[in-house]
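Reader: Could you take a close look at one part of this model for me? I'd like to hear about a charged pair and the sheet it belongs with, and then how the rest of the fold looks around that topic.

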Amino acid sequence: MTYEFVFKWGTHGNAFGEFQDPRGVALDSSGNVFVADRGNNRIQKFKKDGTFLHSWGTDGQGNGQFKGPFAVAVELSGNVYVADGANNRIQKFRNDGTFIRTWDHLGNENGNFSEPEGVAVDSNANVYTSEYAGDRVQKFKDDGTFIRTWGKHGSANGEFIQPSHVAVNSFSDVYVADTINNRIQKFEDNGTFITAWGSLGSGDGQFNQPEGVAVDSSSNVFVADTFNHRIQKFTQDGNFLEKWGTEGSGDGEFNQPQAIVIKSGQVTFQEERVYVAEGINSRIQVFKPKIIIQP
């Protein structure tokens with residue numbers, strides 16, 4: 001099996017449906033697509049076919065404004081969480097962009113932030129953040145109440161150097177794209193280290209500053225291997241399965257893919273979709289499984 005290109009949308013710009021350095025992508029239960037349009041300081045919402053629906057956000061520090069939003073996540077109820085990186089906060093919205101709340105204190109103390117770059121939500125509406133400058137993961141309730149934190153600067157198990165995105169599977173295992181360490185780390189939801197895989201390189205299972213990580217309903221792990229300009233897929237414990245993509249701007253090619261999300265679960269195998277946000281190409285690409293029949 002491999003994955004084949006289906007369609008794409010987006011060009012560089014600031015009109016609706018255009019992007020400047022999109023860094024995050026998420027899906028709600030209806031299949032709507034949310035994109036953290038970092039350079040335009042906004043969130044854009046689309047139908048699953050790329051039809052523009054809604055946009056919110058402007059440059060600023062007020063409620064509902066952004067400075068470099070890096071990531072977006074959607075909980076089962078439809079509420080939307082945004083890692084508002086340069087504002088050092090998480091903002092929570094209704095599905096239509098109506099502001100609900102923020103938690104936003106700069107610093108390294110528990111519950112504060114130092115450039116949050118990743119956000120994910122588990123099935124119990126717990127919120128996980130990864131911090132680019134803070135080199136850690138934090139866990140909160142959906143109202144911003146601090147639960148726990150783990151990680152520090154370093155390259156040992158459970159340590160990070162400039163982590164990017166974070167993802168949670170159906171068992172609440174937490175996957176972190178440990179970008180500068182060129183690896184993926186897996187934890188229990190209490191921060192207990194489980195496993196890690198990856199090293200610097202271009203071979204199967206190696207990475208060059210991976211930024212995006214996502215899981216499907218079978219707990220397979222997809223990684224946006226950013227500077228290798230490709231997507232890699234692994235089992236839940238890091239065994240390599242497959243890869244696709246080369247550097248470029250054509251269909252199925254990538255230029256620094258930075259975020260990824262998977263539509264799977266209550267769909268047929270052929271309805272599975274992989275959405276990839278590309279910063280340099282300023283677009284979203286969509287892929288589906290393709291079964292290769294050997295002669």
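Author: Let's settle one cut-off before we start: a residue is called buried when its relative accessible area is under 20%, exposed when the value is over 50%, and partly exposed in between. Also keep in mind that this is a predicted model.

Now to the pair. Lys92 and Asp142 join their side chains in a salt bridge, with 3.9 Å from N to O. The two come from distant parts of the chain, 50 residues apart: Lys92 belongs to strand β8 (residues 89-93), while Asp142 sits in the loop between β12 (136-140) and β13 (146-150). Which of the cut-offs does Lys92 meet at 5% relative accessibility? The limit for buried is under 20%, so Lys92, at 5%, counts as buried. Asp142, with a relative accessible area of 29%, is partly exposed. So this salt bridge has a buried lysine and a partly exposed aspartate.

What does Lys92 face within its sheet? Opposite Lys92 stands Arg101 in β9. Strands β8 and β9 are paired in the antiparallel sense over four bridges. They belong to an open sheet of four strands, antiparallel, in the order β6-β7-β8-β9. The edges are β6 and β9 (99-103); each has a single partner strand, so one side of each is left without a neighbour in the sheet. From one strand to the next, the twist averages 20 degrees.

Edge strand β6 also takes us to the largest pocket, since β6 (69-74) is one of the strands that each supply at least two residues of the lining. That pocket has a volume of about 1200 Å³. Its lining counts 40 residues, and the closest to the centre are Leu27, Val74, Val215, Val261 and Ile262. By class you get 22 nonpolar, 13 polar and five charged residues. The largest share, five residues, comes from β22.

Back to charges, for some other pairs to set beside ours. The whole structure has 17 salt bridges. In one of them, Asp173 and Lys186 have their closest N and O atoms 4.0 Å apart. Asp173 lies in the loop between β14 and β15 (174-178) and Lys186 in strand β16 (residues 183-187), so the pair ties together parts 13 residues apart in sequence. Both Asp173 and Lys186 are buried. Another bridge links Asp37 and Arg42, at 2.8 Å from N to O, and here, too, Asp37 and Arg42 are buried. There is also a network of salt bridges that connects Asp21, Arg23 and Arg38.

One last stop, if you like following strand partners: β24 (residues 283-290), where six of the eight residues are buried. Strand β1 (residues 2-9) pairs with β24 in the antiparallel sense over seven bridges, with Tyr3 opposite Pro289. Strand β23 (residues 273-278) also pairs with β24 in the antiparallel sense, over five bridges, and Val274 stands opposite Phe287 there. The hairpin of β23 and β24 has four residues between the strands, and Ser282 in that hairpin takes a positive phi near 50 degrees.

Key
Residues numbered from 1 in each chain as written. Predicted model: local features only at pLDDT ≥ 70, side-chain atom pairs only at ≥ 80, totals over all residues. Heavy atoms only, no water. 1 Å grid on protein atoms, 1.4 Å probe; cavity = no way out; pocket = protein on both sides within 12 Å on 5 of 7 lines; lining within 4 Å. Points joined across faces, edges and corners; volume = space filled by probe spheres on them. Nonpolar A, V, L, I, M, F, W, Y, C, P; charged D, E, K, R; others polar. Buried < 20%, exposed > 50% of the residue type's maximum accessible area, 1.4 Å probe, protein only. Pairing = 2+ DSSP bridges. Axes fitted to C-alpha atoms, helices over the stretch in contact; angles between N-to-C directions.
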